[in-house]
Amino acid sequence: MTRTLTVVKAEIGDAQAIHDLVNLYAQRGDMLPRTMGEVYENLRDFYVARDPSTSSGQGDFLGCVALHIVWSDLAEVKSLAVPEVAQSRGLGSLLVNACVDEARRIGLERVFALTYRPAFFERLGFVQADVMTLPRKVWNECYRCPKFPSCNEIALVREL
Ligand SMILES: CC(C)(COP(=O)(O)OP(=O)(O)OC[C@H]1O[C@@H](n2cnc3c(N)ncnc32)[C@H](O)[C@@H]1OP(=O)(O)O)[C@@H](O)C(=O)NCCC(=O)NCCS
């Protein structure tokens with residue numbers, strides 16, 4: 001099935017679907033919530049997965065991820081989400097790899113993710129890292145996380 005699916009840069013019409021999917025998983029404690037304002041402000045960071053065979057002009061929305069630049073050598077892979085009905089078909093991997101490809105293309109040295117799914121990222125070439133080795137700027141969002149300060153997310157880094 002993945003051969004017919006595509007991962008492309010998000011368009012303005014994807015914002016509501018990104019918001020709704022991310023916040024669905026945020027309610028379960030799997031990821032940080034996002035407001036519509038945050039989705040719009042960061043929309044150009046996002047990739048979305050689509051099924052172009054659907055009749056809708058943009059294709060069915062089948063997941064999202066964002067690549068957010070932190071510094072000259074570092075970016076975060078964040079807001080990764082695939083609807084339950086579309087999981088385990090390789091879409092999550094395609095989304096992360098789109099971020100890795102772009103990060104490499106624009107000259108970054110490494111990307112990282114903070115996650116409760118370390119095995120998923122390890123299969124994509126990420127390795128676990130001490131979060132304290134990442135710049136403090138990375139902690140920017142932690143202060144508004146409901147789990148702060150007792151978060152047990154795992155940091156993983158992929159050198160490019
Ligand atoms: C994490 C998440 C994005 C993965 O999305 P996905 O589309 O299922 O990802 P993939 O299909 O690439 O990989 C998922 C699994 O399917 C397996 N898989 C990949 N392609 C496959 C295929 N063609 N056939 C069967 N299995 C496959 C992978 O080995 C992987 O195994 P795992 O569950 O043991 O890790 C998804 O589970 C999700 O949205 N979770 C909720 C939100 C969340 O936790 N986000 C991460 C925050 S960092």
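What share of the 160 residues in the chain is buried? In this predicted model, buried residues make up 44% of the chain's 160 residues. The points below go from the overall fold to the nonpolar cores, and then to one residue, Leu91, that belongs to the largest of these cores.

**Overall fold**

- The chain holds 4 helices and 7 strands, and when they are read from the N terminus onwards their order is β-α-α-β-β-β-α-β-α-β-β.
- The radius of gyration of the chain is 15 Å, close to the 15 Å that the globule rule gives for 160 residues, so the chain is as compact as a globular protein of that length.
- Measured out along its principal axes, the C-alpha trace of the chain spans about 45 × 30 × 25 Å.
- Among the contacts in the chain with a separation of 6 or more, 68% are between residues that stand 24 or more positions apart.

**Surface and charge**

- The accessible surface of the chain comes to about 8,900 Å², and carbon and sulfur atoms account for 51% of that surface.
- There are 18 positive and 20 negative side chains in the chain, and the centres of these two sets lie 2 Å apart.

**The nonpolar cores**

- The largest nonpolar core has 25 residues, and those that touch the most other members are Leu67, Val77, Leu91, Val96, Val111, Phe121 and Phe126.
- At least two residues of this core are supplied by each of the strands β2 (46-51), β3 (60-71), β4 (74-81) and β5 (110-115), and likewise by each of the helices α3 (91-105) and α4 (118-122).
- Helix α3 gives the largest share of this core, namely 7 residues.
- Leu67, when residues up to four places away in sequence are not counted, touches Asp45, Ala75, Glu76, Val77, Cys99, Glu102, Ala103 and Val111.
- A second core, separate from the largest one, consists of 15 residues, and Ala15, Tyr25, Val48 and Cys64 are included in it.

**A closer look at Leu91**

- Leu91 lies in helix α3, and its relative accessibility is 1%, which means that Leu91 counts as buried, since the cut-off for buried is under 20%.
- If residues up to four places away in sequence are not counted, Leu91 touches Leu5, Ala49, Leu62, Val82 and Ala86.
- Leu91 and Val22 are 69 residues apart along the chain, and their C-alpha atoms are separated by 15 Å.

Notes:
Residues are numbered from 1 along each chain as its sequence is written. This is a predicted model: local features need pLDDT of at least 70, side-chain atom pairs count only at pLDDT 80 or more; totals for chains, interfaces and linings use all residues. Side-chain values use heavy atoms; hydrogens and water are left out. The radius of gyration is taken over C-alpha atoms; the globule rule is 2.2 Å times the number of residues to the power 0.38. Buried means under 20% relative accessible area, exposed over 50%, partly exposed in between (1.4 Å probe, protein chains only). Contact means heavy atoms within 4.5 Å. Accessible areas come from the Shrake-Rupley method with a 1.4 Å probe; for residues, only the protein chains shown count as cover. Lys and Arg count as positive and Asp and Glu as negative; His and the chain ends are not counted. The place of a charge is taken as NZ of Lys, CZ of Arg, CG of Asp or CD of Glu. A nonpolar core is a set of buried Ala, Val, Leu, Ile, Met, Phe, Trp, Tyr and Cys residues joined through side-chain atoms within 4.5 Å.
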